[in-house]
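Here's a quick tour of how some helices pack, where some open space sits, and where the backbone does something unusual. Pull up the structure and follow along.

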Amino acid sequence: MVGWLSNIILREEVARFLTYYCKAPAPLNPENVIILNGCGSLFSSLAAVLCDPGDAVLIAAPFYGGITQSIFLYSGIKLAYVHLESKGTLPGTRPFQLTVAKLESTLQTAKEQGTNVKALILLNPHNPLGDVYSAAEMLDFLEFAKRNSLHVIVDEIYMLSVFDESVAFHSVLSLDKLPDPQRTHVMWGISKDFAVSGVRFGTLYSQNQDVCNGVASLCYFHGVCGPMQYKIAQLLRDRDWINQVYLRVNHSRLRAAHAYVADELRAIGVPFLHRSAGFFIWIDFRKYLRTPTFEEEVGLWKDFLDNKVLLSCGKAFECSEPGWFRVIFSDKTHRLQLGMQRIRTVLERREKELQREEQNPVEEDGKADSTDEVIYVSSHHEPSGSNLSDLIVQLQNQMRSSDWLQRNTAENFAQQNPEVFQVYSKYMGKQ
């Protein structure tokens, strides 16, 4: 009874919270709110409800790699990548820009290959790019989905982490009229905006009651306990503290940390995307690769790891161009200083090695100073050979087998998977 009452109270608070912060034109209905333990659970549940086994979901790449496993978990749903390029193809376009034309092209290719595409995932603000889509862009994407009878899953988990006051975030829920309200489903959670990833809470807002009922039926596996629901409701209703204290301080710290890392990257001549949302910067390390391959990208990633700095390589986000990395800047100044010092050390050593080897094919194109936009190097390379992402997926698939742990002791695993074991051991500080 207590859990049921807490759920009603929390759904009402979520509806009021989203109405206010998403600037909804009318009060949102608590009956359309579903609560699960995190947005990963929402992705898994929505994929199971919206799709049949073998179906696919469109998503612009690069994107947060955790979505892949969440979507695949229950129904084996796969993602159809809308690959974005670092160099704009038309005047006035920005790096890695998502357009309706690219969505149309990818959807058509999927149909020709016999793939049944059921939905589109949109990340706004975007992880890892930091893009904040305009209301006009979001409306175009939703119109595209309506024309093609696609459901749209809009992940707005970074909506309160737009730290530049000159940049406006437009929630899908702020639109006066959704093109297809029955196929538009909006997600948000507290893990990013309130920096509490360990508190598993994610919410879905959908006007489609069948979808709501289907996702809610999985609450048995993904529920949030009553006491935690009560605490979250208290947090969300404290609007004075959120507005006057928390968001002001958080945005100020994010701006300062972002500015520091951006200045450091400019100082060493490393191109990057200058954006105003999220906790990360998308960085172009392509000129430090001996060859434009994902094997070289993993090699650079290992160099960073050997120097005790952990970055995320582009392949983990399904980026089509080797050499892009994501760095997290939401940390205290002394740790950012140490991290940037270690990054600089790795890059300087790499540059010297490249000079000695006289193998710097992209050096001249990528040598310009970074400004507020990315410095373009026009290249597009298909993935080749084994890479870190493939190794991780292989390991995860193996662990699903019931006797995998019994068959694979640490010694056996080290012999059979030396590359994964080496990286793991270094990361855990065992070497």
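## Helices α2 and α6

Keep in mind that this is a predicted model. Let's start with helix α2 (residues 39-50) and helix α6 (residues 209-216), whose axes come within 9 Å and cross at roughly 120°. That angle makes α2 oblique to α6. As for handedness, α2 and α6 form a right-handed crossing.

If you want to pick out the side of each helix involved, select L42, S45, L46, V49 and L50 on α2. Their partners on α6 are V211, G214 and V215. Sorted by class, the α2 and α6 contact has six nonpolar residues, two polar ones and no charged residues.

## Helices α4 and α5

Next up is the pairing of helix α4 (residues 100-112) with helix α5 (residues 135-147). Their axes come within 10 Å and cross at roughly 25°. Angles under 35 degrees count as roughly parallel, and α4 and α5 are therefore roughly parallel to each other. The crossing of α4 and α5 is right-handed.

Which residues make this contact? On the α4 side you'll find V100, L103, E104 and L107, and on the α5 side D140, F141, F144 and R147. By class, the α4 and α5 contact splits into five nonpolar, no polar and three charged residues.

## Helices α9 and α11

Now go further along the chain, to α9 (239-267) and helix α11 (residues 333-357). These two pack at an angle of about 20°, with their axes 11 Å apart. α9 and α11 are therefore roughly parallel to each other, and α9 passes α11 in a right-handed crossing.

From α9, the contact takes A257, Y260, V261, E264, L265 and A267. From α11, L336, Q337, M340 and R344 meet them. The class split for α9 with α11 is seven nonpolar, one polar and two charged residues.

## The second largest pocket

Rolling a probe the size of a water molecule over the atoms shows where empty space is left. Here, the second largest pocket holds about 590 Å³ of space. Of the 21 residues that line this pocket, K23, L160, V162, L247 and H251 are the closest to its centre, so those five are handy if you want to centre a view on the pocket.

Which helix gives the most to the lining? α9 does, with five residues. α1 (2-21) and α9 each supply at least two lining residues. By class, the lining of the second largest pocket divides into eleven nonpolar, five polar and five charged residues.

## Backbone oddities

Most residues other than glycine have a negative phi, and most peptide bonds are trans. That's the background for the next few spots. A61 and P62 are joined by a cis peptide bond, with omega at about 15°. You'll find P62 in the loop between β2 (56-61) and α3 (66-75).

Another cis peptide bond joins N124 and P125, and its omega is about -5°. P125 sits in the loop between β4 (117-123) and α5. Finally, check the phi of F96: the value is positive, about 55°, although F96 is not a glycine. F96 lies in the loop between β3 (78-83) and α4.

Definitions and conventions
Residues numbered from 1 in each chain as written. Predicted model: local features only at pLDDT ≥ 70, side-chain atom pairs only at ≥ 80, totals over all residues. Heavy atoms only, no water. Axes fitted to C-alpha atoms, helices over the stretch in contact; angles between N-to-C directions. Helix = DSSP H or I, 4+ residues; strand = E, 2+ residues; numbered from the N terminus. Parallel < 35°, antiparallel > 145°, perpendicular 65-115°, else oblique. Left-handed = near helix turned anticlockwise from the far one by under 90°. Contact = heavy atoms within 4.5 Å. Nonpolar A, V, L, I, M, F, W, Y, C, P; charged D, E, K, R; others polar. 1 Å grid on protein atoms, 1.4 Å probe; cavity = no way out; pocket = protein on both sides within 12 Å on 5 of 7 lines; lining within 4 Å. Points joined across faces, edges and corners; volume = space filled by probe spheres on them.
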